[in-house]
Amino acid sequence: METTKTFQELGVSEEVIRALTKQGVTAPTRVQEEAIPPLLAWKDVIAKAPTGTGKTFAFGIPMIEHVDPASDDLQALILAPTRELALQICDELNGLLAYYKDIRVTVVYGGTGMQAQIKALEKHPHIVVATPGRLMDHYNRKNLRLDKIKTVILDEADRMLDMGFFDDVTKILNKIKNRVNLGLFSATISQEVMTVSWMYQRDEVEITVAPTQESKPDIDQYSITVPKLEKEEAMLRILRSGAFERVIVFCNTKVMCQRLSDDLRRAGIQADCLHGDIKQATRERTMAAFRKGKLPVLIATDVASRGIDVDDVDGVINYDVPDENEYYIHRIGRTGRARKKGISFTLIGSFPEKAKLDEIAKFCEMTIHPMIFDEYGCLVPAPEEEKRTPPRKF
Ligand code: ADP
Ligand code: MG
């Protein structure tokens, strides 16, 4: 039987425990239980845990406990891939600091003016939360010093390194000469994360938290078996059913993304795509249109989708069955957020695709309901499934 330790037993201070209690947080989650003690002991940590398992406190709490408020030095750094995430982390840290009023945290990110951030940095924060590009900007302009930083965390390390921040991140790490430890936190451990770990960590403590029932968003998952050459036809039917106002479609390759996007547009669907061969400026335009609700259908590869900062989509369609189990979780996790019910469709066009999806369902311990198009072109549960689950209407 697993027993959960208390925050006190993990070595967390009374001040932080009181701040946690104030937010209704009483017992640590798995990743917190496993990451807080080694981080408090200044060890390197590489932690893989699904979204929503409490990674922010897992690294935020030990970081706060390490800060010496009597000093004016910048002592700790958290790098995050997006402005939204950086702001969110900063908020969570401030929540933890309710009874440690003399610890200062500041956030810096791109896409906005430097001046307000320079002002904030002049107040000598102890902890900075930053996106990598903007942090480099501030460093190059000598708005902050990195030489007194002891602890560094890369949050959503997989996403950050995939988004083209690899060079910035390694440049930053190389400049932090007196670093004592480094924590890598991610939902998945990609090749780039492994590389950073290999380059910058020593005797790291590895933590893996498997997806649990509670961390799973509420998503109705369906698969649709169609003849291979009729996948586009199936897509059009789903998109035209009016079930979705905003949907992300995933393909496994850039070529497929582009082709599908072109074909859907020819068929009169407002669609656009994101993949590695598309220029940054165009990507940003596409993303902004999607975020504002002006573009209902966004088609993306797994890698490109990591830059999409929109989480509350009505649905996800997997045009291709993903190559990796983890990708499936990432993909469908784009919907069903914020306590809304999400929906996902995965198109199966071949036996290997069916076998792969069965494996994914087993690995993720999720039920994916098989559907088919009936003779009227309506989606109905596949015959063998009919008895077990009531069909959802479309
Ligand atoms: P992750 O980074 O793993 O996706 P977060 O750190 O953003 O997850 O935490 C998800 C939510 O869970 C947040 O709202 C956070 O306040 C809450 N949370 C974190 N730790 C606990 C805990 N020990 N008990 C209850 N809620 C928690
Ligand atoms: Mg997080």
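User: Two strands count as paired if DSSP finds at least two bridges between them. So, over how many bridges do strand β5 and strand β6 pair?

Analyst: Keep in mind that this is a predicted model. Strand β5 covers residues 151-154 and strand β6 covers residues 181-186, and they pair in the parallel sense. One spot to look at is Leu 154, whose bridge partner in β6 is Leu 184. The number of bridges between β5 and β6 is 4.

User: Which strands sit at the edges of the open sheet of 7 strands?

Analyst: Read across that sheet and you get β3-β4-β2-β5-β6-β1-β7, with parallel pairing. An edge strand pairs on one side only, and that fits residues 105-108 and 205-208. Those edge strands are β3 and β7.

User: And what angle does helix α2 make with β7?

Analyst: Helix α2, residues 30-40, lies across β1, β6 and β7. Its direction relative to β7 comes out at about 170°.

User: There's another open sheet, with 8 strands. What does its twist average from one strand to the next?

Analyst: This one goes β10-β11-β9-β12-β13-β8-β14-β15, and its pairing is mixed. Its edge strands are β10 and β15. From one strand to the next, the twist averages 25°.

User: Which residue in β11 stands opposite Cys 273?

Analyst: Strand β10 spans 271-274, which takes in Cys 273. β10 runs parallel to strand β11, residues 297-300, with 4 bridges joining them. Across from Cys 273 in β11 is Ile 299.

Notes:
Residues numbered from 1 in each chain as written. Chains lettered and ligands numbered in written order. Predicted model: local features only at pLDDT ≥ 70, side-chain atom pairs only at ≥ 80, totals over all residues. Heavy atoms only, no water. Helix = DSSP H or I, 4+ residues; strand = E, 2+ residues; numbered from the N terminus. Contact = heavy atoms within 4.5 Å. Axes fitted to C-alpha atoms, helices over the stretch in contact; angles between N-to-C directions.
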